[in-house]
Amino acid sequence: MEVQFTVPWSYSDEVDTTFPLPDDYEYWRPLVKHFLERTDTVEIHCWNEEQEAIQGIQSVLNSSVQVGSHMTIIEISNDKNVQDILLNKYKKNNRFKWFTVNLMFHGEVIFHSGHWATEFAFTARNTEEALWIQGVTPRNTDFFFY
């Protein structure tokens with residue numbers, strides 16, 4: 001079963017931002033931890049101007065980097081250092097650091113997080129997994145199953 005969902009968010013008047021900010025990112029850790037168990041590669045996309053986020057990854061991880069005309073794509077093998085960054089260092093000043101995070105297995109995306117962790121897609125192994133995901137996401141999350 002394919003699942004897509006969008007967590008509720010808003011634009012903040014208090015913070016100079018051009019991207020959505022959820023009330024909190026409490027859903028991020030359990031979701032990513034769950035999918036990291038079956039991931040061999042992590043792919044992180046940042047806008048080229050997000051140099052602090054890009055350098056933050058490159059300075060601590062051995063990664064492959066592709067710089068395009070607008071986006072920088074960083075590909076990293078899944079290991080304890082990557083897991084630490086994804087689970088514990090995913091935000092700064094209450095903002096999510098990366099535009100897109102793809103968790104992959106054998107070159108196939110098994111979990112997609114886009115638009116600064118507000119839009120998601122994955123293939124559920126079964127109904128129980130889909131229900132579990134619904135249980136860790138914020139109330140009013142919009143789900144689409146197909």
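These legends walk through a predicted model of one protein chain, view by view.

**View 1. The whole chain, from end to end.**
Start with the overall picture: the chain is built from four helices and ten strands. Reading from the N terminus, the elements come in the order β-α-β-α-β-β-α-β-β-β-β-β-α-β. The C-alpha atoms fill a box of roughly 40 × 40 × 25 Å along the principal axes. For 146 residues, a compact globule would have a radius of gyration near 15 Å, and the chain agrees with that because its own value is 15 Å. Buried residues make up 42% of the 146 residues. The accessible surface adds up to about 8,300 Å², and 47% of this belongs to carbon and sulfur atoms. Take the contacts between residues at least 6 apart in sequence: 65% of them join residues at least 24 apart.

**View 2. Helix α2 and its buried side.**
Here we zoom in on α2, which spans residues 51–58. Which residues of α2 are buried? They are Ala53, Ile54 and Ile57. These residues sit on the same side of α2, because the arc they cover around the axis is only 100 degrees. And what covers them? Part of the cover comes from β2 and from β4, residues 71–77.

**View 3. A salt bridge from α2 to β5.**
Staying with α2, look for Glu52, which pairs up with Lys92 in a salt bridge. The closest N and O atoms of the two are 2.2 Å apart. Glu52 belongs to α2 and Lys92 to strand β5 (residues 91–92), so the pair links distant parts of the chain, 40 residues apart. Glu52 counts as exposed, with 55% relative accessibility. Lys92, at 39%, counts as partly exposed.

**View 4. Glu129 and Arg38, joined across the chain.**
The structure holds three salt bridges, and this view shows the one between Glu129 and Arg38. Their closest N and O atoms are 3.0 Å apart. Glu129 is in helix α4 (residues 127–136), while Arg38 is in the loop between α1 (28–36) and β2 (41–47). That puts the partners 91 residues apart, in distant parts of the chain. Is Glu129 buried or exposed? Its relative accessibility is 7%, so Glu129 counts as buried.

**View 5. Lys89 meets Asp84.**
Another salt bridge brings together the side chains of Lys89 and Asp84, with 2.8 Å from N to O. Lys89 is partly exposed, its relative accessible area being 41%. Asp84 is partly exposed too, at 29% relative accessibility.

**View 6. Phe35 stacked with Phe111.**
Now for the rings. Aromatic pairs are described by two things, the distance of the ring centres and the angle of the planes. There are 18 aromatic pairs in the structure, and one of them is formed by Phe35 and Phe111. This pair is stacked, with 4.7 Å from centre to centre and 25 degrees between the planes. Phe35 lies in helix α1 and Phe111 in strand β8 (residues 108–114), so the pair ties together parts that are 76 residues apart in sequence. Phe35 is buried at 0% relative accessibility, and Phe111 is buried with a relative accessible area of 0%.

**View 7. Phe143 stacked with Phe145.**
Phe143 and Phe145 make up a stacked pair as well, with centres 5.7 Å apart and 5 degrees between the planes. Phe143 is partly exposed, with 23% relative accessible area. Phe145 also counts as partly exposed, at 35%.

**View 8. Leu103 and the residues around it.**
The last view is centred on Leu103, a residue of strand β7 (residues 100–105). Leu103 is buried, since its relative accessible area is 1%. What does Leu103 touch, leaving out residues up to four places away in sequence? Its contacts include Val32, Phe35, Leu36, Thr39, Thr41 and Val42. Also among them are Leu86, Glu108, Val109, Ile110 and Phe111. So both rings of the View 6 pair, Phe35 and Phe111, turn up here as neighbours that Leu103 touches. For a sense of scale, Leu103 and Gln4 are 99 residues apart in sequence, and their C-alpha atoms are 15 Å apart in space.

Key: Residues are numbered from 1 along each chain as its sequence is written. This is a predicted model: local features need pLDDT of at least 70, side-chain atom pairs count only at pLDDT 80 or more; totals for chains, interfaces and linings use all residues. Side-chain values use heavy atoms; hydrogens and water are left out. A salt bridge is a side-chain nitrogen of Lys or Arg within 4 Å of a carboxyl oxygen of Asp or Glu. Helices (H or I, at least four residues) and strands (E, at least two) are DSSP runs, numbered from the N terminus. Buried means under 20% relative accessible area, exposed over 50%, partly exposed in between (1.4 Å probe, protein chains only). The arc is that of the directions from the helix axis to the C-beta atoms. Contact means heavy atoms within 4.5 Å. The radius of gyration is taken over C-alpha atoms; the globule rule is 2.2 Å times the number of residues to the power 0.38. Accessible areas come from the Shrake-Rupley method with a 1.4 Å probe; for residues, only the protein chains shown count as cover. Rings of Phe, Tyr and Trp (its six-membered ring) pair if their centres lie within 6.5 Å; planes under 30 degrees apart count as stacked, over 60 as edge-to-face and the rest as tilted.
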